[in-house]
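Morning, everyone. I have one structure to walk through today. Please have a look at it before I start.

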Amino acid sequence: MRTITATEAARKFSDLLDAIESGERVTITRGRTPIALIGPAPRYTGADLRAALERAEPLDDEFESDVLKARAVMDDEVRNPWDDA
């Protein structure tokens with residue numbers, strides 16, 4: 001894992017992102033103190049979503065009713081900011 005200063009990261013930000021995109025993890029330091037660890041973001045696929053949904057508990061029979069009730073409360077609370085203009 002590479003370590004660079006915050007100043008170097010700022011000056012070479014595009015190069016830093018290229019390295020991270022290719023899988024490298026980089027530690028950023030400020031005054032010799034590590035302040036950040038940057039690595040590639042996880043990439044999810046449709047298969048990942050399918051697996052997550054299969055692990056989720058099924059919705060209960062009152063779900064639609066609960067959503068409609070919540071929307072009704074929000075509709076009463078949300079006002080158009082331009083009404084008083």
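Let's begin with Arg2. Its relative accessible area is 33%, so Arg2 counts as partly exposed. Keep in mind that this is a predicted model. Every value I quote is computed from it.

Which side chain does Arg2 meet in a salt bridge? That partner is Glu24, with an N to O distance of 2.9 Å. Now place the two ends. Arg2 sits in strand S1, residues 2-5. Glu24 sits in the loop between helix H2 (13-21) and S2. The two are 22 residues apart in sequence, so this pair ties together separate parts of the chain. And Glu24 itself? Buried or exposed, or something in between? Its relative accessibility is 28%, so Glu24 is partly exposed.

How many salt bridges does the structure hold? Two. We have just seen the Arg2 and Glu24 pair. The other joins the side chains of Glu8 and Lys12, at 3.9 Å, N to O. For a salt bridge, the nitrogen has to be within 4 Å of the carboxyl oxygen, so a pair at 3.9 Å still counts. Glu8 has a relative accessible area of 29%, which means partly exposed. Lys12 comes in at 45%, so Lys12 is partly exposed too.

Back to strand S1. Thr3 is also in S1. With 49% relative accessibility, Thr3 is classed as partly exposed. The cut-off for exposed is over 50%, so a residue at 49% does not qualify. What does Thr3 touch, once residues up to four places away in sequence are set aside? Thr27 and Thr29. Take the pair Thr3 and Thr29. They are 26 residues apart along the chain. Their C-alpha atoms are separated by 7.2 Å.

That takes us across to strand S2. S2 covers residues 26-30, and Thr29 is in it. Thr27 belongs to S2 as well. Are these two threonines buried or exposed? Thr29 has 11% relative accessibility, so Thr29 is buried. Thr27 has 14%, so Thr27 is buried. The limit for buried is under 20%, which is why both qualify.

Now their contacts, again skipping neighbours within four places in sequence. Thr29 contacts Thr3, Ile4, Thr5 and Ala6, and also Pro34 and Ile35. Thr27 contacts Met1, Arg2, Thr3 and Ile4, plus Pro34, Ala36 and Leu37. Note Arg2 in that list for Thr27. Arg2 is the residue that bridges to Glu24.

Next stop, Arg32. Where is Arg32? In the loop between S2 and strand S3 (33-38). Its backbone is worth a look. Arg32 has a positive phi, about 70 degrees, although it is not a glycine. Its relative accessibility is 82%, so Arg32 counts as exposed.

Last item: charge on the surface. Which residues gather in a patch of negative charge? Asp60, Asp61, Glu62 and Asp66. Let me pick out Glu62. Glu62 lies in the loop between helix H3 (46-55) and helix H4 (63-77). Its relative accessibility is 47%, so Glu62 is partly exposed. Patch members need over 30% relative accessible area, so Glu62 at 47% clears that bar.

To recap. Arg2 and Glu24 form one salt bridge, and Glu8 and Lys12 form another. Thr3 touches Thr27 and Thr29. Arg32 carries the positive phi. The negative patch includes Glu62. That's my tour. Thanks.

Conventions
Residues are numbered from 1 along each chain as its sequence is written. This is a predicted model: local features need pLDDT of at least 70, side-chain atom pairs count only at pLDDT 80 or more; totals for chains, interfaces and linings use all residues. Side-chain values use heavy atoms; hydrogens and water are left out. Helices (H or I, at least four residues) and strands (E, at least two) are DSSP runs, numbered from the N terminus. Buried means under 20% relative accessible area, exposed over 50%, partly exposed in between (1.4 Å probe, protein chains only). Contact means heavy atoms within 4.5 Å. Patches are made of residues with over 30% relative accessible area and no salt bridge: like charges are joined within 9 Å, nonpolar side chains (Val, Leu, Ile, Met, Phe, Trp, Tyr) within 5 Å. Accessible areas come from the Shrake-Rupley method with a 1.4 Å probe; for residues, only the protein chains shown count as cover. Lys and Arg count as positive and Asp and Glu as negative; His and the chain ends are not counted. The place of a charge is taken as NZ of Lys, CZ of Arg, CG of Asp or CD of Glu.
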